Amino acid sequence: MKKIKLIIQREYLTRVRKKSFIVMTLLGPILMAAIMIVPVFLASMSNNKERKIAVLDETGIFFEKFQNDDYLTFHHLYTDLNTAKDNFKNTGDYALLYIPKTEVALPTSAILYSEKQPNIDIKSYIRRQMSKELEEQKLLLQINKLNLNETDREIAMDIPESIKTSINLSTFKLNEGEAEQKTFTEVAMAVGIFSGILIYFFIFFFGAQVMRGVVEEKTSRIVEVIISSVKPFQLMMGKIVGIGLVGLTQLTLWIVLTFTITGIFQIVFQDKIPSQSEALMGNNQLVPGATIPQVTDDDSGVAVIFEAISSVNFGVIIFSFLFFFLTGFLLYAALFAAVGSAVDSEVDTQQFMLPITLPLILAMVMAQFIIRNPDGPVAFWFSIIPLTSPIIMMTRIPFGVPYYELALSMGLLVVGFLFTTWMAGRIYRTGILMYGKKASYRDLWKWIRFKG
Amino acid sequence: MSLFTAENVTKHFSNHTALKSVSIDIPKESIFGLLGPNGAGKTTLIRIINQIIAPDEGTLLFNGKKLHPDHISNIGYLPEERGLYKKMKVGDQAIYLAQLKGISRSDAIKKLKYWFEKFDIDTWWNRKIEELSKGMQQKIQFIVSILHDPELLIFDEPFSGFDPINVNLLKEEILKLRDNGTTIIFSTHNMASVEELCDHIALLNNAEKILEGQVHDIKNQYKSNTYSVTYSGSKALLPSIVNNGFELLENNSENGLSRAVIKTNDGGQNELISSLLPHINIHSFNEIIPSMNDIFIKRVAEANTSK
């Protein structure tokens, strides 16, 4: 056990210290962050087109009070809320601002209905306009009071404080259920395909590293020195586990760095557009007073995605991803190691690669169809068979998979992993000592059956 | 007392038999030459001793006890096919390989420093293996194989790739190791170094052992009472002198002196000298002892023709 730890340590450290590892670790997150940031960035750029906002003011206070600016035009509706909502789709309006009648003289809350998440600039603009109007109204009221009670100076002192008005602007998405379903499907597809690609890439990239490592040991002839100290199986497993840990490290660093970069970018991005951060702060102030549920405070695209992801069963996804990621790697890495042991140089590996690459590529191709029909029989079988299950099951999981199917798939994958490792171990221990002779599939079969 | 005993070891591979009921007995604190033509089964036997592969049949005893994986730390191995991780630094690599044999890191560093200084290579510590020449790499491999003070050392062609100066350095170290109580198995095709170093040998051919014993016993066994005489005097006279019971095998002249090779019966050398003395001036008189090279070739040829 101590020796296998030494092997794992060496395999891990020599790779983690490599320049290529460090470069990959840094470049990956920049790329991924770019993928996440650019669409959000572009979306915010395209905000500057003209938008019409319908105003349904039951109080009548705000009639003709909203001022149009370069991008926003306001027009008033004189129907009831339900009709306005029903007609909303056909009007081409960006949002519907509903100011309900209140018991008190002056309203302090309004609801903004829209199809998409409303732009934060628009929200703050409306909020500013409303509070400005209300403050004027209040001032008028106070002045009226003063007229009645001219000697009361105390009240006059209070004016500046009491007229400050903050508006509680809640946002509602129209067609809530439908839109949510749409986002859910999109996010599930994205999460599924992304996980599948990540596992595919990981297995290929790090599996090939296992193979290269074995070939290196064989061609440099160090292998015989080492297996006079440790069992061939220990050497093989040490290598696989060590490289697996390298992959896990890379993945962890990627995730941490990607979020750090997007996080930093968001902060920098917001600083450059003061109105947005200002609006954000104003918005936060209002949250405690909000009584209407489903108030969304954060408009960034990332947050929307996360909201949707969390509506998928996040715990199950993370657990399954780690499981399929690692077990899938172990299963394939053993096969890669076996191929490495059977050849004399990397060039010769091609002849044995087909059985490894075929199921992986097939799984990746099938994933695109399965994502559209994640509950069909094809999806089921591909997600049960150990060679394709790491990729296919991962693409299915975000859509929700019955637990017994998940358990069956995981169980079979573990069995598959034990089987390939056993088989690879037998090929490996004979293969690494064979020099100069080109092995064939028949030789491999002989080595597997060969006892002791 | 023997350190290692193999009894009736047999090993089959899928298409051939590598060892056919081979028994060897390696005495403690000796250098044991494992000889044989290519493909005779030497490497298989060495791998079995190293527990890299297991025999199909046979018993293996280390220090009188059944060979066990724990014995690995008591065995050092320098394989014929050897190498190092090219991208790793010399020091790191040596420490790693020593740790795999069960030495602690600090012990490994201490011992490595000693050997690196002794071999005058301490400046290589932080260099990558790929920057070193083949001979330099061999030195490091040699050091790594003996670092854990094993009771049994196995050297498979240890001198290949070394220049004569380093071969001598290595020979001295090997002899010193033996004198300090290490038992050494020495596999080579270089018969000169066998004569120089080995106390015992075993000769394998076609998966079978065809000769085993102490080197000087074997040599005595193969000598044929043949003597070489260098002389001056009448060359033509010699056949008439050498007749009763002796056999004249060669009679040549070179550089003014003549050389004759004469076979006697057992213990007849004094008689031969006295019969020669009156007729010729003897410059030298030597018994011809067969070299290991001759014995090797002769035994292998015999074994192959008898089949």
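What is the strand order of the open sheet of four strands in chain B, and which pairing does this sheet have? The order is 12-13-11-14, with antiparallel pairing; strands here are DSSP runs of E of at least two residues and helices are runs of H or I of at least four, both numbered from the N terminus, and two strands count as paired if DSSP finds at least two bridges between them. The model is predicted, so that local features require pLDDT of at least 70 and side-chain atom pairs count only at pLDDT 80 or more, whereas totals for chains, interfaces and linings use all residues. Residues are numbered from 1 along each chain as its sequence is written, and chains are lettered from A and ligands numbered from 1 in the order in which they are written.

The edges of the four-stranded sheet are formed by strand 12 and strand 14 (281-287) of chain B, each of which pairs on one side only. From one strand to the next, the twist averages 20 degrees; axes are lines fitted to C-alpha atoms, for helices over the stretch in contact, and angles run from 0 to 180 degrees between N-to-C directions. Helix 9 (residues 269-276) of chain B packs on this sheet and touches strand 11 (226-232), strand 13 and strand 14 of chain B, its direction making about 20 degrees with that of strand 11 of chain B.

Within this sheet, strand 12 (residues 247-254) and strand 13 (residues 257-263) of chain B run antiparallel and are joined by seven bridges. The bridge partner of B:Glu250 is B:Val261, and that of B:Ser253 is B:Ser258. The two strands form a hairpin with two residues between them, and B:Asn255 in the turn has a positive phi of about 55 degrees. Strand 12 of chain B is hardly covered, as zero of its eight residues are buried (20 or more other C-beta atoms within 10 Å of the residue's own, with C-beta atoms placed from the backbone; 12 or fewer count as exposed, and values in between as partly exposed).

A further open sheet in chain B has six strands in the order 6-7-8-3-9-10, with mixed pairing. Its edge strands are strand 6 (75-78) and strand 10 (208-214) of chain B, each pairing on one side only. Neighbouring strands are turned by 15 degrees against each other on average, direction ignored. Strand 6 runs parallel to strand 7 (residues 152-156) of chain B, to which four bridges join it; B:Ile75 has B:Leu152 as its bridge partner. Helix 4 (residues 134-146) of chain B lies across strand 6 and strand 7 of chain B, at about 165 degrees to strand 6.

Chain A has 16 helices and five strands, and 35% of its 452 residues count as buried. Helix 12 (residues 350-370) and helix 14 (residues 389-396) of chain A pack at about 20 degrees, with their axes 9 Å apart. These two helices of chain A are therefore roughly parallel (angles under 35 degrees; over 145 is roughly antiparallel, 65 to 115 roughly perpendicular and the rest oblique). The residues that meet include A:Ala363 and A:Ile370 in helix 12 and A:Ile391 and A:Arg396 in helix 14 of chain A. The residues of this contact divide into seven nonpolar, one polar and one charged (nonpolar: Ala, Val, Leu, Ile, Met, Phe, Trp, Tyr, Cys and Pro; charged: Asp, Glu, Lys and Arg; polar: the others, Gly among them).

Between the chains, 19 residues of chain B are in contact with 18 residues of chain A, contact requiring C-beta atoms, placed from the backbone, within 7 Å. Helix 2 (residues 90-100) of chain B provides the largest share of the chain B side, four residues.

Key:
Two residues are in contact if their C-beta atoms, placed from the backbone, lie within 7 Å.
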